[in-house]
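The following exchange asks how certain descriptive terms are justified. Each reply sets a computed value against its definition.

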Amino acid sequence: MKQHVLLVDFSFAKYTHSSQVSCVSSFLPPPIWKRLLSLFTHKLYLEDNPNLENVIQQMDVIILFDTRKNYDEVARRIERVCSPTARLIFYSWNPLCESKAHSRLSERWIKATFSKKDAACAGFIYVGSFYFKNVLTENVLTTKWDGLFIGQDKGRREMLYKVASLYRKNRLQSRIILVNNRKALFSRRYSWHIDYNVVCKNVQASNSVIEILQEGQEGISLRAFESMFYEKKLVTNNQHIVNYDFYNSHNIFILGKDDESGFKAFIQSPYVKLSDAIVGKYKMASWLNRMLSL
């Protein structure tokens with residue numbers, strides 16, 4: 001019997017194409033004037049989505065993502081109206097250290113995570129992470145950069161600039177785009193929000209993707225998946241990446257471990273294509289099957 005699955009607060013809902021899966025946000029996008037106000041007050045001004053409860057009542061499996069820092073409050077809203085037989089799964093797609101809300105979830109929730117470290121430390125079930133290569137419908141053929149990073153600062157700026165200098169030292173061109181709407185008002189070092197399909201177009205226009213994990217982070221990031229699915233080299237500080245089945249030294253350069261004298265040759269050499277079996281493990285459909293088997 002087909003199960004009705006609901007993803008709550010999945011940030012990339014518009015890239016989900018499955019008759020089995022529905023998506024809903026627990027909050028409504030704030031009006032423009034509140035978005036502008038948030039640039040100066042650092043508050044998000046999120047309003048609860050009143051339609052959430054109506055959608056939940058019809059679902060067999062509800063998977064809650066950790067998009068909101070107070071996701072425990074969303075969990076309680078779900079519990080109040082969901083079917084008594086519905087399976088409730090919380091999925092941590094970010095390091096658990098970013099919020100303590102997981103400690104306030106009731107026993108009804110099955111707790112899963114993308115991180116092997118968090119699974120071991122917090123008693124969560126490790127299910128890994130996933131990607132969804134249906135963002136772009138056409139290939140970008142022109143290469144503009146040798147290396148690319150697009151993302152928030154999160155204490156990584158100095159390390160990113162050091163990586164950029166490694167590209168420069170080898171006469172390679174990198175692009176570092178730090179996204180922060182508030183700081184973009186006052187500094188050209190920062191960019192306004194960039195839609196994810198634009199991010200992917202930029203990834204396709206680069207020879208490599210730069211990944212700098214923030215303090216305390218462990219696990220496969222979105223940038224590692226962009227590297228894998230768009231077949232771009234990955235330059236990373238993730239020392240644990242060697243433990244994953246997609247690791248290939250011809251495709252992945254580990255900062256602080258690999259010999260920098262071979263960096264230029266690494267960037268300019270062809271990407272070694274991974275097997276369909278390995279890539280398939282990291283598709284959203286495979287992740288969903290693992291979640292539904294919990």
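The questions below concern backbone angles, accessibility, salt bridges and a surface patch.

This is a predicted model, in which local features need pLDDT of at least 70 and side-chain atom pairs count only at pLDDT 80 or more, while totals for chains, interfaces and linings use all residues. Residues are numbered from 1 along each chain as its sequence is written, and side-chain values use heavy atoms, with hydrogens and water left out.

Q: Why is D9 called buried?
A: Buried means under 20% relative accessible area, exposed over 50%, and partly exposed in between (1.4 Å probe, protein chains only). D9 has a relative accessible area of 4%, and is therefore buried. This residue is placed in the loop between β1 (5-8) and β2 (21-24), where helices (H or I, at least four residues) and strands (E, at least two) are DSSP runs numbered from the N terminus.

Q: What makes the phi of D9 noteworthy?
A: Most residues other than glycine have a negative phi. D9 is not a glycine, yet its phi is positive, at about 65 degrees.

Q: How do you know that R171 counts as exposed?
A: The relative accessibility of R171 is 76%, so it counts as exposed. R171 also has a positive phi, of about 55 degrees, although it is not a glycine, and lies in the loop between α5 (157-169) and β10 (174-179).

Q: Why is the contact of D195 with K14 called a salt bridge?
A: A salt bridge requires a side-chain nitrogen of Lys or Arg within 4 Å of a carboxyl oxygen of Asp or Glu. The closest N and O atoms of D195 and K14 are 3.3 Å apart, which meets that limit. The pair links distant parts of the chain, 181 residues apart. D195, at 30% relative accessibility, counts as partly exposed, whereas K14, at 53%, is exposed.

Q: What makes E53 and R77 a salt bridge, and which parts does the pair tie together?
A: Their N to O distance is 2.9 Å, so the pair satisfies the definition. E53 lies in helix α2 (residues 52-56) and R77 in helix α3 (residues 71-81), so the pair ties together parts that are 24 residues apart in sequence. Both residues are buried. Salt bridges that share partners join D48, E53, R68 and R77 into one network.

Q: What makes the nonpolar surface patch, and why does L185 count as partly exposed?
A: Patch residues have over 30% relative accessible area and no salt bridge; like charges are joined within 9 Å, and nonpolar side chains (Val, Leu, Ile, Met, Phe, Trp, Tyr) within 5 Å. L185, F186 and W192 make a patch of about 340 Å², with accessible areas from the Shrake-Rupley method (1.4 Å probe; for residues, only the protein chains shown count as cover). L185 has 37% relative accessibility and therefore counts as partly exposed.
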